[in-house]
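User: Hi! I have a protein model open on my screen and would like to talk it through with you. Could you help me find my way around?

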Amino acid sequence: MGKRFDIMLFPEGKAKAFSLSYDDGVVQDRRLVEIYNRYQVKCTFNLGYGVLGYKQVVDVPGKRRTDISKVEPEEVQELYKNQEVGGHSLYHSDLTALGSPYAMYEILEDKKQLEKLVQRPLKMFAYPFGFFNEEVKDMLKTAGYRGARTVKSMYSFELPEDPFEWNPTCHHKDERLMDLADKFIHEPAFKPELFYVWGHGYEFDGDDNWQIMEDLLQYLQQGREEIWFASNGEILDYLEAFSRLEYSVDGSLIRNPSAMDLWMKPAFGRAVCLKAGTCTEIEDTPL
Ligand SMILES: [Zn+2]
């Protein structure tokens, strides 16, 4: 007894989690949501309220002609009801270049209007173009956000040290995608691992490669028993609840004051469920 060296686990004692993050609220999200719902995986869709309903088709050299129109505001609640909606600034602006008053307006107005559509407070944000600085991070915190995604691939399964610099594992088009999936499935996790993939729905049309996502999700099914499929916000909720655990001085009692069951593995012993709102006595049994 005494000092604890517990390892956090995800719900049901799982050590692995998978999450997705897709930006811009494009019309291809309709197909993407159907795929995600079919595989029962969770994605955070980051939208700019001010451009919802905006119509545009683009011709980019080397890609198929692509419709990058945005979904209509009226369909947001129903379309994403099994997924998570996050913010992406009102007009998809570089928030580091706008000047603070207008940047704050873009963040707040986007959040306020999206919250009206989905009828819940938004937790996650994705930096437009991946641009951010300390000032932007502070503005997001002031607006009530609890995390924000970058566009920096880490090629690892680390949980974010700073949720406002949440770096994904990789983009869906990355050539290492399936190698990472293979590693994620087959290598044992000695600490909680998160496989986090991001992109834009329109890219699948432009590159004519929808099969990439189907193949990835099909492949991950073999690990379904060991993987927690969660939205970004669900992961944040879990990490925050875990950080609020209360410990007795000798480490034998752990109280979970949150409303969700939490799981952990003591240094010695089996995975333990710390029930919501209760105090659990931990018996460390040397292996
Ligand atoms: Zn974007």
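**Around helix H5**

Analyst: Happy to. This is a predicted model, and a good place to begin is helix H5, whose buried residues are covered by, among others, strand S2 (16-23), strand S9 (170-171), S10 and helix H7 (210-220).

User: Which residues of H5 are buried?

Analyst: Helix H5 spans residues 177-186, and Leu 177, Ala 181 and Phe 184 are its buried ones. They lie on the same side of H5, because the arc they cover around the axis is only 65°.

User: Why would residues spaced like that point the same way?

Analyst: An α-helix has 3.6 residues a turn, so residues three or four places apart point the same way.

User: And what is exposed on the other side of H5?

Analyst: There you find Asp 179, Asp 182 and His 186, which are exposed.

User: Nice. Let's zoom out: how is the protein divided into domains?

Analyst: Domain 1 covers 15-238, and domain 2 covers 245-281. Their C-alpha centres are 32 Å apart.

User: What about the largest nonpolar core, which residues touch the most other members?

Analyst: That core has 65 residues, and those with the most contacts to other members are Phe 10, Ala 17, Val 41, Val 85, Leu 140, Ala 148 and Phe 195. Strand S10 (residues 193-200) supplies the largest share, five residues. Both domains take part: domain 1 (15-238) and domain 2 (245-281) each give at least three residues to this core.

User: Phe 10 caught my eye. What does Phe 10 touch?

Analyst: Leaving out residues up to four places away in sequence, Phe 10 touches Ala 15, Ala 17, Pro 192, Trp 228, Tyr 238 and Trp 263.

User: Now the sheets, please. In what order do the strands run in the one with S1?

Analyst: The order is S1-S14-S15, an open sheet of three strands with antiparallel pairing. S1 and S15 are the edge strands, each pairing on one side only. Neighbouring strands in this sheet are turned by 35° against each other on average, direction ignored.

User: How many bridges hold S1 and S14 together?

Analyst: Three bridges link strand S1 (residues 7-9) with strand S14 (residues 262-265), in the antiparallel sense. Within that pairing, Met 8 is opposite Met 264 in S14.

User: And which strand does S14 pair with through three more bridges, and where does Leu 262 fit in?

Analyst: S14 is joined to strand S15 (residues 272-274) by three bridges, and these two run antiparallel. Leu 262 has Leu 274 in S15 as its bridge partner. S14 and S15 make a hairpin with six residues between them, and Gly 269 in the turn has a positive phi of about 125°.

User: What is the strand order in the other open sheet, the one with S12?

Analyst: That one also has three strands, in the order S12-S13-S16, with antiparallel pairing. Its edges are strand S12 (246-247) and strand S16 (279-281), each of which pairs on one side only. S12 pairs with strand S13 (residues 253-255) over two bridges, in the antiparallel sense, and Tyr 247 is opposite Ile 254 in S13.

User: Back to phi angles. What is the phi of Asp 24?

Analyst: Phi of Asp 24 is near 85°, which is positive in a residue other than glycine. Asp 24 belongs to the loop between S2 and helix H1 (29-39).

User: Is Asp 24 buried or exposed?

Analyst: Asp 24 counts as buried, because 21 C-beta neighbours lie inside 10 Å, and the cut-off for buried is 20 or more.

User: What about His 92, what is its phi and where does it sit?

Analyst: His 92 has a positive phi too, about 55°, although it is not a glycine. His 92 is placed in the loop between strand S6 (84-87) and helix H3 (100-118). His 92 is buried, with 21 other C-beta atoms within 10 Å.

User: Last one: where is Glu 161, and is Glu 161 buried or exposed?

Analyst: Glu 161 lies in the loop between strand S8 (147-149) and S9. Glu 161 is exposed, because it has 8 other C-beta atoms within 10 Å, and exposed means 12 or fewer.

User: How far is Glu 161 from Gly 86?

Analyst: Their C-alpha atoms are separated by 20 Å, and the two residues are 75 residues apart along the chain.

Definitions and conventions:
Residues are numbered from 1 along each chain as its sequence is written. This is a predicted model: local features need pLDDT of at least 70, side-chain atom pairs count only at pLDDT 80 or more; totals for chains, interfaces and linings use all residues. Domain bounds come from an automatic or database domain assignment. A nonpolar core is a set of buried Ala, Val, Leu, Ile, Met, Phe, Trp, Tyr and Cys residues joined through C-beta atoms within 7 Å. Helices (H or I, at least four residues) and strands (E, at least two) are DSSP runs, numbered from the N terminus. Two residues are in contact if their C-beta atoms, placed from the backbone, lie within 7 Å. Two strands pair if DSSP finds at least two bridges between them. The arc is that of the directions from the helix axis to the C-beta atoms. Axes are lines fitted to C-alpha atoms, for helices over the stretch in contact, and angles run from 0 to 180 degrees between N-to-C directions.
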